[in-house]
Amino acid sequence: MDETKSTIWQFYKSKPLVLRIGIAFILGSLLGLFLGESVLVLEPLGTLFIKLLKMIVIPIVFLTLVAGMRSLTPSKLGRVGGQTVALYLITTAVAIVIGLITANIIAPGIGLTLPLEAEIMTKEAPSLAEVFMNIVPDNPFSAFAEGNVLQTIFIAIVFGLALAVLQEKAEGSVKAGVESIFNIVEAGAEAMFKVVWGVMEYGVIGVFALMASVFAKTGVDALIPFAKLILSLFLAVIIHITITHLLIIVKGFLKQKPTSFLLGIKDAMITALSIRSSSGTLPVSMANAEDNLCIDEEIYSFTLPLGATINMDGTAMYQGVAAVFAANLIGQTLTIAQQATIVVTAVLASIGTAGVPGSGLIMLTLVLTQLGLPLSVVGFVAGIDPILDRFRTVNNVTGDLAVTALVAKWNDAIDFSRGSWKK
């Protein structure tokens, strides 16, 4: 009996983790659809997986970013930061345009009759000044405790750069102390990557439970009326990833095979699809960047946490799709000028709502208000948002890693002779 168990376990472990998680994703979805609410008893197992991932976000962001400061000078940090933010904004604008084009062709919302009286109360988006002021924490320890990624990035950069300056100018025991701190931080970062893969092993169970509970709550009946909306966003995400990330960035700028890039980030993409959280996926994205894409820590430790917070390709794309959906519901056709307004509003909103809980909802409210479209649409799509949000998150995470790879190439911080690139 023990020998049989050992054989089964060896067979299980011999399969790639991404395959095991993919199978769990499919089986969990089917179980939820066929058995319904009776499988909600599994939901705590999925919640535990998300909590484990969130638990390691702040430690891994702080440790890897401080470690990266060892070789990242202030001038280089400014160059990397400028390139990263510019690329994130450009890809966000492209994503919205692709979303609008796809929605105009598929025309989601036409033929649906929905009551438009109910209004949805949403939080007001913070001003751009408030967003920038909130980057600086009142208390570093409260930033860690609250899981505020932007504030943690700020603290890590300031502390890391201070250590880097001391490393160059200090002498004697102070210099030795700085070296010791950097060594401890680097060891801590490596330890956190080990924790990441331990959490991902549990992720097979977590993803199975998550998908079972999601489809048990949603059900097929809730999906059918919104099939064209789901299809619009799904196709827009596929087109954006294929054209913008794979063909333009990977094949065009990086001069690499798109399949090699996809192989390198498959763990992050499946995790994003499963837990629908860019921040929650961050530890897996960083592990993929180091182990598979062979990007230097000094680059990905900055670009990926920043991207998980401000890069909203998928979310911004959804604003365009949802705006067309809302217009079609009331029999209105959006003009070219109105659609251009969506692009500008969504790009600016993606900056202003960066890192704010419910940012997608705030962005959609801003766009619909700007166009004079019914805010009750927000309520109608809430039932299927767990499905739509998964597509958006995959887009966001893929964009984070594609931009990171490009910034790394521009700064000679990526090794194309190793990892998934040579496959």
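Start by selecting helix 12, residues 297-310: 13 of its 14 residues are buried (under 20% relative accessible area, 1.4 Å probe, protein chains only), so the helix is largely enclosed by the rest of the structure. Helices here are DSSP runs of H or I, at least four residues, numbered from the N terminus. The model is predicted: local features need pLDDT of at least 70, side-chain atom pairs count only at pLDDT 80 or more, and totals for chains, interfaces and linings use all residues. Residues are numbered from 1 along each chain as its sequence is written, and side-chain values use heavy atoms, leaving out hydrogens and water.

Check the length of helix 12: its end C-alpha atoms are 20 Å apart, in agreement with the expected 20 Å (1.5 Å times one less than the number of residues).

Next, select helix 13, residues 313-329. Here 17 of the 17 residues are buried, so this helix too is largely enclosed. The ends are 25 Å apart by C-alpha atoms, against an expected 24 Å, which agrees. Just after helix 13, Gly331 has a positive phi of about 75°.

Now show the largest nonpolar core, which has 124 residues (buried Ala, Val, Leu, Ile, Met, Phe, Trp, Tyr and Cys joined through side-chain atoms within 4.5 Å). Phe49, Phe261, Ile295 and Leu401 touch the most other members. Helix 8 (residues 172-223) supplies the largest share, 16 residues. Centre on Phe49: leaving aside residues up to four places away in sequence, its contacts (heavy atoms within 4.5 Å) include Val199, Met200, Tyr202 and Ile275.

Finish at Leu30 in helix 2, which is partly exposed, with a relative accessible area of 39%.

Technical notes. Helix = DSSP H or I, 4+ residues; strand = E, 2+ residues; numbered from the N terminus. Buried < 20%, exposed > 50% of the residue type's maximum accessible area, 1.4 Å probe, protein only.
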